[in-house]
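Visitor: Please give me a close look at the enclosed empty space in this protein, and at what is around it. I'd also be glad if you carried on to the other parts worth seeing.

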Amino acid sequence: MDAVRIYGGNCLSGQTKIQGSKNASLPILAATLLIDGTCEIVNCPDISDVYHMLRLLESLGCRVCRKADVIRIDTCRVAECDMPADSVGVMRSSIMLLGALLARMGEVAMEYPGGCVIGKRPIDLHLCALRRMGVEIMEGPEEFCARACRLHGAVHELPFVSVGVTENLILAAVLAEGETVIHPAAREPEIQALCEFLVSAGGKINGAGTDRLVIEGVKKLCPVRFRVPADRIVAGTYLTACMCAGGRVFLEDAPCCQMESVIACAENMGVHLRPSPEGLLVEGRACRRLGENLVTAVYPGFPTDLQSPFMAVMALSGQGGQIEETVFENRFRIVPELVKMGADIRVKGNCACVCAGTRLCNTIVEAKELRGGAALIVAALAAEGTGIVTNRHYIDRGYEDITRSLRELGADVELA
Ligand code: UD1
């Protein structure tokens, strides 16, 4: 039962509610460690990455209770500063606990989070920046130990924009002594959500949503209840489902104001969209070649997480297109799988050329990572015949129940 079966060729029609954001939930859950008491996080998605983050928090001494979409986290008994190796192995985002745990316990021991299938994903920049805040780091071959008697503020002029590094530094800085400046800071909506959470708990953060964050350390944060915003990447994935299969769907709660580059790209490809505060109405299928290269970039540029779903659209629409991936060096892992389905895609370095005029047929294909796996399901919706996407567990990392959501949109899909 680790696969999805897709009966291709159905037009979509229906409505689904977009889940809470994975990439906002994970750092916010890590941030609860900075607060002595019980926080309530609402609208956290029910996905395996959140499950692993909660297991990690429990292993550090937190009491976690989940009722429907509300997670209560009581951090009063946090006593551990060693992160269990198996949890760090399954979830790269465990690196986010580094800044928070240093602030809380003054010490952390953990294995290096493994390289991820979409690229090397080193943590050099995390460690280098934390050293500037008074953290001493002893690096062993497989694990490292970080220690700081007292975290102090620092001016970080970073060599490039990193979402994870910006988050880790915010978490380390909010209770540190003095002022911290992060430049260039990532501007992703998930960073803004983290800042809103911390500010509502009493943190002093200026510049959220800009490339310069200024954080004035405070002595204490207070427990809060916070609602996680909807997931722009999940909304974008279901948008591509309609772009491939055609039809008319409503994506309730889709955070349209965070999706400008994606909406512009979809409209350029001939789909009719009606964004509103209630969600995103999508009509029609992609019928035009994208007028320019699709280039992934940091926010507000086109998100790398939606590059594979848009590659599926380019292949399935028969229009083709050009993609340049600038964020991760190994994010074309769906190419051989789309080729198995009949696509003609040529990769050279960080560029992919999707040739026009191909017809795709369903077969058995393999998910090799989260977004690429979802993109294969999207592709199969519009290909001929019946397809199977294996390794569903990758997709479960970020999608609450992708078969249920797609069925709500009128697709013929089931667990297999
Ligand atoms: C986050 C998102 C991920 C998204 C990515 C880019 C989460 C849980 N994950 O990942 O979905 O695709 O942002 O929007 O929020 N790098 C280094 N050294 C470091 C850190 C990063 O070289 O110490 C490199 C990475 O290998 C990558 C680039 O920086 O090439 C950007 O990565 P980063 O923004 O840090 O992505 P993540 O935070 O890992």
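Guide: Happy to. A cavity here is a set of points, on a 1 Å grid over the protein atoms alone, where a 1.4 Å probe fits but cannot get out. Please keep in mind that this is a predicted model. With that definition, the structure holds 1 cavity of 30 Å³ or more, and its volume is about 50 Å³.

Now for the walls. The lining includes Arg232 and Ile233, along with Gln258, Met259, Ser261 and Val262. Further along the chain, Tyr299, Pro300, Gly301, Pro303 and Leu306 also contribute. Two elements, helix 8 (232-245) and helix 9 (260-268), each give two or more residues to this lining. By class, 7 of the lining residues are nonpolar, 3 are polar and 1 is charged. The charged one is Arg232.

From that enclosed space, let's move to the ligand. It has 18 residues around it, and those that come nearest are Asp124, Ser162, Val163, Asp305 and Val327. Some polar distances are worth a look. Asp124 places a polar side-chain atom 2.7 Å from a nitrogen atom of the ligand. On the oxygen side, a polar backbone atom of Leu125 is 2.9 Å from a ligand oxygen, and an N or O atom in the side chain of Asp305 is 2.5 Å from a ligand oxygen. The protein covers 86% of the 750 Å² of accessible area that the ligand has on its own.

Which elements give two or more residues to the shell around the ligand? They are helix 5 (124-131) and helix 6 (163-173). Helix 5 supplies the largest share, 3 residues. The shell as a whole has 8 nonpolar, 6 polar and 4 charged residues.

One last stop is a sheet. Strands of a sheet pair through backbone hydrogen bonds, either parallel or antiparallel. This one is an open sheet of 4 strands in the order 17-18-20-19, with mixed pairing. Strand 17 (294-295) and strand 19 (345-348) are the edges, each pairing on one side only. Between them in the order, strand 18 (residues 321-324) and strand 20 (residues 351-354) run antiparallel and are joined by 4 bridges. To find one of these bridges on your screen, select Gln322 and look across to Cys353, its partner in strand 20.

Notes
Residues numbered from 1 in each chain as written. Predicted model: local features only at pLDDT ≥ 70, side-chain atom pairs only at ≥ 80, totals over all residues. Heavy atoms only, no water. 1 Å grid on protein atoms, 1.4 Å probe; cavity = no way out; pocket = protein on both sides within 12 Å on 5 of 7 lines; lining within 4 Å. Points joined across faces, edges and corners; volume = space filled by probe spheres on them. Near = heavy atom within 4 Å. Polar contact = N/O pair within 3.5 Å; in protein donor to acceptor, adjacent residues only side chain to side chain. Areas by Shrake-Rupley, 256 points an atom, 1.4 Å probe, with all protein chains shown as cover. Pairing = 2+ DSSP bridges.
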